[in-house]
Amino acid sequence: MNGLEGVLVLGAGVAALAAVPFVPSVIEMFRPRDAGELNVPQDYVKNPRFFAESFRKKIEPYVADVIDGPLPHVGQLQLRKPESITVDRRFALTPKTGLQGIAVSIGDATFAADTGAHDLWIKGDADIGDRFRVWSLAVDGELTLGERCRVTRWIDCATSAIVGDESTLGLSASAAEMLLLGNGVRFQRLYGQPIVVKWSSADRLTPEPTEALLDDHAFTDRDGLSFPHDALIENDVVCEGGLRIGRRMVVRGNLKAAGNVRVLSHALIEGNIVSRSNVEIAEECTVLGDIFAEGDVSLGRDVTVGAYAANKSVYSAGKIVLGRGVRVHGAVIAEHGGIVEGLSDSARVASPEPPAVALPPSQPRAVAPLRVRTLPLAAPPPAELPGVPPPAPIPESSAARHRLPGAALGLGAVLGAGLVLFRMWRRRR
Amino acid sequence: MVVALQIYVVSIVAVLVCYTIRHWIFTFRRVSGTQRPFYQDIFDNVPPAVSVIVPMHDEERVAPRIMDALLRCDYPRELLEIIPVDDHSSDGTAAILAEYAGRYECIEPLFRRGLDEPRGKAYALNDALKRARNDCVLIFDADYEPGANVLRDLAMAFIDPQVGAVMGRVIPRNTRAGFLPRMLSLERSGGYQVDQQARFDLDLMVQYGGTVGGFRRSLVLEMGGFSPEILAEDTDLTYRLYSRGWRVAYANRSECYEEVPETWDARFRQLRRWARGHNAAMVRNFWPVMRSRYLTFWQKADGVMLLGCYAVPPLLASAWLANLLLILAAAVPIVESLIISLLVVMYGAFGNFAPVFEVGAAELLDGTSDRLRLLPLMFLLFLFNSWAISMGALDALGDVVRNRLPIWEKTARFATGTVSEG
């Protein structure tokens, strides 16, 4: 083999190797195995009681077929795999007993302490004792769940439900009417109209703001904002740092902060609260809009979210802590789990209270011009309101730390390498 | 001269390396990072009142489909207003819209036929915005088919007072129509599942895409509406919002079927129009972005790279030309030069235009596998895209030099794609 032949063979080899990745491409092009569009469920709609409604829909035809026959009925139902199913007029379990497979009670059911079931549908009322274990539970009547019960997947109640202390509610707990939670209850998703943490006792104090503040524009600032007590905000506030709302304040707009949002006691927020970090709402505050946090959320004693017939949500990409007497009309969603701390007055809002604002009587309670979003100013804005301390430092959640670590270093390295390459090229010349 | 050419070639390589690094960061973020939550999990039975605008020009083949899809959406009717805009259609579009308006109270079509009403998407949107009653406006192209939850998911973004616009994800419907739609489906996956979502995760510049999305009406009107001089009104709006302190939210789960071009000619015209508009938007928004006090360094860097993405192919072509000149002038060693040229081509083919690793990561995230076999053929798409985009860039240059107003040209519709059962 001479030199030219060698080059040709080498070239052919390289070409053959380079063509290898294209072989499956060409086969897929002419004999496609996956030419369809990505599947997008066109009929999907959000339904907080989806699990239970889907379960009932699957079981209902079978129950309708056997309900007029002799009961109890034991049979097999074909779902994804064959499942045993028991249908009876009522269940009354004694301690240390349980039900296997799918169980349906046409009437009421009573479960003593230390009982269990797998998938349970009670079409009447359910009175369930302590330490009950269940995979999923649907109740058409009223539900009373004892203490330290454990739900693996979901529970749903078509009327109202009471959940005992220290229970764990699995992925979802929903009720068409009130969902009453005991102390120490752990959850992931809650839905009720409303969700109530027992017990609310204190008389609520209605905030009466004395003077209007920031009533014309939305504001934004990088270093955080702290508003005085008893003030009124008429519009949206957008803040690149932390945000503190004073006691008894009224906010007519929406709040957004890249840092922590901290609402001190007895405030009324008529709009939504959005934070890229944590949200802490102190005792006896009312939020009429949604709360959305990329960090954790804590709602202190007697906090109310939403209103009758106006369902709202408390969403946290982290954890949620609910204090005593909390009332949420709608849904509570905690991606990393939530807990009821009903014995505490202030849930997790335990950091020291910022000092009260003491403005001289003659000083008007207005703020220096901040950066108005719709009309950017030439001069940089002050970092905080005059006479108002900055927000107390609260640890940022990991969700708020969006940086590009090492990217600058990498970019510098690449540019440096390019420069070296160029200089070597020049030297060769 | 030779030194200048050498510096130019190395500079272009550096630019391409920067783009590649950017794509790598996005891909790693999506594969290994946590997805930032969107507002879709919020359950709110009183969502914001919305006006849905659907610009249409000769859309009789697809108009009933989108009207039916919008009517199927899970949204309180009393909070929903649908404004299909018949923009000088010469087919049966107007009759179809009139029929729907007679049947459904929430549909209020806008008929643009007057000689004093010039045709074009920007004009149509501006007129519809004046008609709309709600501040929250959602836009769909006529060939789109939103799922039942899309309106609600998109509208919930506006609970955030910093969100000026929102963007959903586009999924090609007519992938069975041939090779090109399948390739475009791959490209879209990379662009949305990885690129857009990573930018949202990292709080960089999410691009509002002009459809399957929306904005605050008051903001757009305050900024003077959409400019007919800019064919890429969506890109222009994105930058105008960001440079004023607003943000664009990205809803990866708000997926909506669309029809992608089935012929190379239709795709070429579409891409050429995008490049023309995007480059015009770049000229208009570069300095406002750089000067904006509301943007961080990384947001500006990403914004500039996003603005410049349609300028890269002509730059690349010019670098090849410069390299060729250097070779002819015997100013560079041929072997090294060819290696560098090859590297430049590889960067361009696999490091830009929804590059291979982004598409691969997107398909993995979407849970598909067999379609990944088509990935090496992205190389062909790169060459085609480079050609179309370079022509669009020349058009944009021509617009500036001749001071002419670009004419909006609608992408051809095929209406062959039907979503398969299940």
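A residue is called buried when its relative accessible area is under 20%, a cut-off to keep in mind for the close-ups of this predicted model.

**View 1. Glu284(A) sits in a loop of chain A between two strands.** The strands on either side are E26 (279-281) and E27 (286-287). Is Glu284(A) buried or exposed? Its relative accessibility is 6%, so Glu284(A) counts as buried. While you are here, look for the partner of its side chain: the side chain of His266(A) makes a polar contact with that of Glu284(A), at 3.5 Å.

**View 2. Chain B, shown whole, sets the scene for the next close-ups.** Its fold holds 14 helices and eight strands. The C-alpha trace spans about 75 × 50 × 45 Å along the principal axes. A compact globule of 422 residues would have a radius of gyration near 22 Å, and the 22 Å of chain B agrees with that. Of the 422 residues, 65% are buried. Among contacts with a separation of 6 or more, 84% join residues 24 or more positions apart. On the outside, chain B exposes about 15100 Å², with 62% supplied by carbon and sulfur atoms. As for charge, there are 44 positive and 48 negative ones, and their mean positions lie 3 Å apart.

**View 3. Leu204(B) lies in the loop that follows helix H6 (179-201) and leads to strand E7 (213-216).** With a relative accessible area of 4%, Leu204(B) is buried. Which residues does Leu204(B) touch, not counting those up to four places away in sequence? They are Phe26(B), Arg199(B), Tyr242(B), Trp298(B), Gln299(B) and Asp302(B). For a sense of scale, try Gly190(B): this residue is 14 residues from Leu204(B) along the chain, and their C-alpha atoms are separated by 17 Å.

**View 4. Phe26(B), one of the residues touched by Leu204(B), belongs to helix H1 (residues 2-32).** Phe26(B) is buried, its relative accessible area being 2%. Leaving aside neighbours within four places in sequence, its contacts include Val194(B), Asp195(B), Ala198(B) and Arg199(B). Leu202(B), Leu204(B), Asp302(B) and Glu358(B) are also in contact with Phe26(B). Two names may look familiar from the previous view: Arg199(B) and Asp302(B) are in contact with Phe26(B) and are touched by Leu204(B) as well. If you step back to find Leu372(B), its C-alpha is 19 Å from that of Phe26(B), with their positions 346 residues apart in sequence.

Key. Residues numbered from 1 in each chain as written. Chains lettered and ligands numbered in written order. Predicted model: local features only at pLDDT ≥ 70, side-chain atom pairs only at ≥ 80, totals over all residues. Heavy atoms only, no water. Helix = DSSP H or I, 4+ residues; strand = E, 2+ residues; numbered from the N terminus. Rg over C-alpha atoms; globule rule 2.2 N^0.38 Å. Buried < 20%, exposed > 50% of the residue type's maximum accessible area, 1.4 Å probe, protein only. Contact = heavy atoms within 4.5 Å. Areas by Shrake-Rupley, 256 points an atom, 1.4 Å probe, with all protein chains shown as cover. Lys, Arg positive; Asp, Glu negative; His and termini not counted. Charge placed at Lys NZ, Arg CZ, Asp CG, Glu CD. Polar contact = N/O pair within 3.5 Å; in protein donor to acceptor, adjacent residues only side chain to side chain.
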